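Colleague: I would like a close look at one part of this model. Please take the strands and how they pair, then set that part in its surroundings.

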Amino acid sequence: MVSVLAVIAAATVCGAVLARVVAGDLSRGERAAWSVGLGLAALTAVSAAMMALHRVPGPKKLAAVAAVFLAIAALERRRPRHRLRPPRLTPTAVVLAAIALAAAAVFAVSAVRSGLYGTDALATWALKARIIFFEGRIPDRLFTDPALAFSHPEYPLLAPLTLASVALAARSWDAHALALVYVAWQLATLAAVAGFLSRRVSRTAGAAGALLVALCVPLWAPTSVGTAEIPLAFSMVLAASAFLDYLERPSGSVALRLVISAALCAGTKQEGIVFCVVLAACLVLRRGTRFRLAGSAALLVPAGIGLWVSRALVHGVSHADFDASLLSPSRWGELAPRLRDVLVHLVSAEIADAWVLAAGISIVLLVAAPSFADALVAPLVLQAFVYPAAAAAAAADPVSHLAASFGRTAAAVWPAAAILLVARSAATLEARRREPRRLPVPALIGAALAAAVVLPLVAGTRLHAGGPVTVAGLARPTFHRTVEPILQARCQSCHHEKGIAPIALVRYSESAEHADQVARMVDSRRMPPWKAAPGPHDFAGDPTLSWAEREAIVRWARRGAPEGNPSDAPPPRTFTGGWELGEPDLVLKAPRFSPDFSKGDIYQCFVLPTDLDRDAWVSAVEVRPGNRAMMHHALLYVEEGASSLKRDESAPGPGYPCFGGPRAPVNDSFGEWAPGMQPRRYPGGVARFLPRKSRIVMQVHYSALSGSVQPDESEVGVYFAKEPVERRLLSDDVRSYAPFTLAAGDPVAKLTGSLGPLPSRSELVAILPHMHLLGRTMTVTARLPNGTRERLVDVNDWDLRWQRTYFFEKPVVLPAGTVVELSASFDNSLANSRNPTEPPKDVHFGEMTTDEMCMALLFWTVDGKNPGEKNAFFKNEVCTPEKGPERK
Amino acid sequence: MTRLTLRGVVVLAGLVLAAAFFAADFAPRAVRDRLRGSTRSVSGVDAEYARFLDAVAAATPRDATVCVLSESRPGTDGYAAYWLAPRRVVGPERYAEAPYVAVYRRRNAEPPPGASAMPGGFLQKK
């Protein structure tokens, strides 16, 4: 700790010498800020130069360089410099400054206590610093190793280099002591804002500016220690103040400050480069300013160099945070709705808080008197717009991307914005003395009336069409108004008193009791359990929470799970055990069965005769579990033979054991049930075929984890088609090229398979991925005849417990010639806690738990297929390893 | 002292509102936890994981490539990469490149034959 403190102090002393040149005619606070900034930057530059010369920058070498530098500086003839006389110190300024310093002290103590571990962002910044420190050089692998792609190789290196340089000079990596570098940057930012406003406005304004900056908790939170936001905010303050000085009095010394601050911005983060470009553009467009082009060049040259260096160093490594192709004109159509989502999120999800900020800034900008700092309005607005614009081009969900980073990154702009706001406020107070101006009362009254009309309308707006969350509900979530409708729609089908879920979430008391757990589960997306990632085709009955619903639950829990007004509650959902689709035309009852869990889970098949005296068409099938608490899933099959009956008769008790499948030659699948799955009617004119005298074989998985000992007596409701049947629902499967082996220990064994080309046009109604315990991901894609690929389903977190049939909202049309491709990965390593063997063994294709399967059932209708035909496309097809499907 | 006009009051109220937006994030309890040295950091990394990584660092050379497998932190874990630096840390996708495999929080804590026990997991040299 002491050595790091000594290094920072020594660097600041050296920086003070440099600051005499760069900031000699500025206020004391600004000189102090520049001393810190220049000192740390000089230390970093010297260290980097030594590394470039293959010398490890140890403390002795750095101390020698500093000593030589200070000796030369001491020999320099002291030139008399114009010193500003400090403005008058007022009691108000003293109080404000004291509060700001107290806030800074809280940050300093908590930052040092937390060290650099406060945030996952250390993977980007402190990771690089640590590697540089331990290797004593900047290794190429920071920019070339694909294993480090997650750490943004394209990001500027100034912050990591500074940390590494301080650590090298201190001769140790002490994550807590290194947090002092962030404390130094923070204090320098406060000094820069206070000093600039003191010089240009008054000491009170300076103290007020420092206070505004010190209260910016998202920026100064310990979670920002280890990231680049704090040095970025500092650099932006230096650049903004130099920019304003340049507008007033362009000179060589101000241009030098522009160059250095731009270099600090560009060296710290990409947003810093953007800020330099924005400032330069505003400078060029500002008429009446002398040497506009020179000032712009002073900003653009360092920014350009920073950008070039960042790009030049990176080779062969790409990071997938952003999808640059979205910026190409052909994809602007996709970009626009993503940008809209992001902006809606900004004004909705954070509605209560964001409106406070927007109201505060708007008041200052609309009501306050103009000031010299108004030139910052355009650059800051443009800079603030960069974040949502960038989020819209995120490779994944743009709203999640913004939500994850907006608060911290936007806070980096705040210190520069504080200069603008305080300058305008001070100008207003000053104007009172010079030329009193009337308050624009009519305008304020008009704004208030408009707000009174607009706000209730906005407050009642639903954040997603058809969704239960309104703007007001999200702003102040209560159980009855906000959370209960979400639970009813998304959770209660499992989480009710007799449901399979371990806790009920129906009444307020039980929901409030588990509020933290619920918030954690939905925030981490573990609940509701829906494993299919969003894709080009929407699925019906997708219980995935929208960001507004997720945010509402998390906020509700964070605010202490308030109940709210019971009169806001929606009508309660009933769980009477009735049929969801109405009274069935045919009810098939399974025999009463009491599973014996002494040996773990039970897979039991029950034979349900239909006794139909003629063929039938079925437009829906609904399974009504007799004991939801222990039923994991049920799969139905149609059988015309008698194999299942023989098995049933030879096995003791009702049904027969049948892990892996019906263990009888069945015609087709007939339906399925799993927790949370809602029964659905097939699209109009589409039906399943049920031959006369056929039997339904129902395989039920009873979970030993449920703890239930009540018997089960499930039923199957069959709904016959009332409309003319035009298309028969057929099924095929795409599976891996069997046989396969998953090597022991391999955490990402990959399998592929394909089916097709399809002989005729078909419409895919639903898809059911299936793997066993080692499965991790599965993607099924349609390769269309024109060569394009359409993702059909993408399960990136497979869990055998949560398998289900995914029905498309609209059937997916697959032209003749389409090939359906499957790609899956398996984890047969020690890290997979579901791995049934330890140590892992080679695993092969098979139906037992300890075997693996890799297939996806496809439910589709086929053009030109006579509805009476029993077979789907590929009933006689087999797949062979690496060759793909062959016909017998 | 400057006499405040209504206009000035409104402007100052605007400043206070804007500051309140950021200051509202202040959580005294979080600060108190930090000052008391809570074992959990905000990124959710528990002390046992840190001990596990410390043990892995002690048992592997600095130029090693280590595949860290952890169900609770899938993919390449940035925290492990930071903690084990300058070792090269890879995720399951680059399992084949790593002579060392560090497994954290296996259901059965018993290390397989040939592996070294670590706090909360084990380390295996291929």
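**Strand pairing in chain A**

Modeller: Start with one residue pair. In β9(A), Val716(A) is the bridge partner of Leu588(A). This is a predicted model.

That pair leads to a wider contact. β1(A) and strand β9 (residues 715-720) of chain A are joined by four bridges. The two strands run antiparallel.

Now the sheet around them. It is open and has five strands, in the order β1-β9-β3-β7-β10 (chain A). Its pairing is mixed. β1 (586-589) and β10 (727-728) of chain A stand at the edges. Each has a single partner strand, so one side of each lacks a neighbour in the sheet. As general background, strands of a sheet pair through backbone hydrogen bonds, either parallel or antiparallel.

Another open sheet of five strands follows the order β5-β2-β8-β4-β6 (chain A). Here the pairing is antiparallel. The edges are taken by β5 (656-657) and β6 (668-673) of chain A. Both have a single partner strand, so one side of each is left without a neighbour in the sheet.

One of these edges can be read in detail. Strand β4 (residues 631-639) of chain A is joined to β6(A) by five bridges. These strands run antiparallel. Ala634(A) stands opposite Trp673(A) in β6(A).

A helix covers part of this sheet's surroundings: helix α26 (residues 643-650) of chain A packs on the sheet. The strands α26 touches are β2 (602-609), β4, β5 and β8 (695-702) of chain A. The direction of α26 makes about 120° with that of β2(A).

Next, a helix pair. Helix α12 (residues 252-268) of chain A packs with helix α14 (residues 292-313) of chain A. Their angle is about 25°, and their axes are 8 Å apart. That angle is under 35 degrees, so α12(A) is roughly parallel to α14(A). The crossing of α12(A) past α14(A) is right-handed.

Which residues meet there? From α12(A) they include Ala255(A), Leu258(A) and Val259(A). Among those in α14(A) are Ala298(A), Leu299(A) and Pro302(A). The residues of this contact divide into 11 nonpolar, three polar and no charged.

Finally, the whole chain. Chain A has 26 helices and 22 strands. Of its 888 residues, 49% are buried. Among contacts in chain A between residues at least 6 apart in sequence, 80% join residues at least 24 apart.

Conventions. Residues are numbered from 1 along each chain as its sequence is written. Chains are lettered from A and ligands numbered from 1 in the order in which they are written. This is a predicted model: local features need pLDDT of at least 70, side-chain atom pairs count only at pLDDT 80 or more; totals for chains, interfaces and linings use all residues. Two strands pair if DSSP finds at least two bridges between them. Two residues are in contact if their C-beta atoms, placed from the backbone, lie within 7 Å. Axes are lines fitted to C-alpha atoms, for helices over the stretch in contact, and angles run from 0 to 180 degrees between N-to-C directions. Angles under 35 degrees count as roughly parallel, over 145 as roughly antiparallel, 65 to 115 as roughly perpendicular and the rest as oblique. A crossing is left-handed if the near helix is turned anticlockwise from the far one by less than a right angle, and right-handed if clockwise. Ala, Val, Leu, Ile, Met, Phe, Trp, Tyr, Cys and Pro count as nonpolar, Asp, Glu, Lys and Arg as charged, and the others, Gly among them, as polar. A residue is buried if 20 or more other C-beta atoms lie within 10 Å of its own, exposed if 12 or fewer, and partly exposed in between; C-beta atoms are placed from the backbone.
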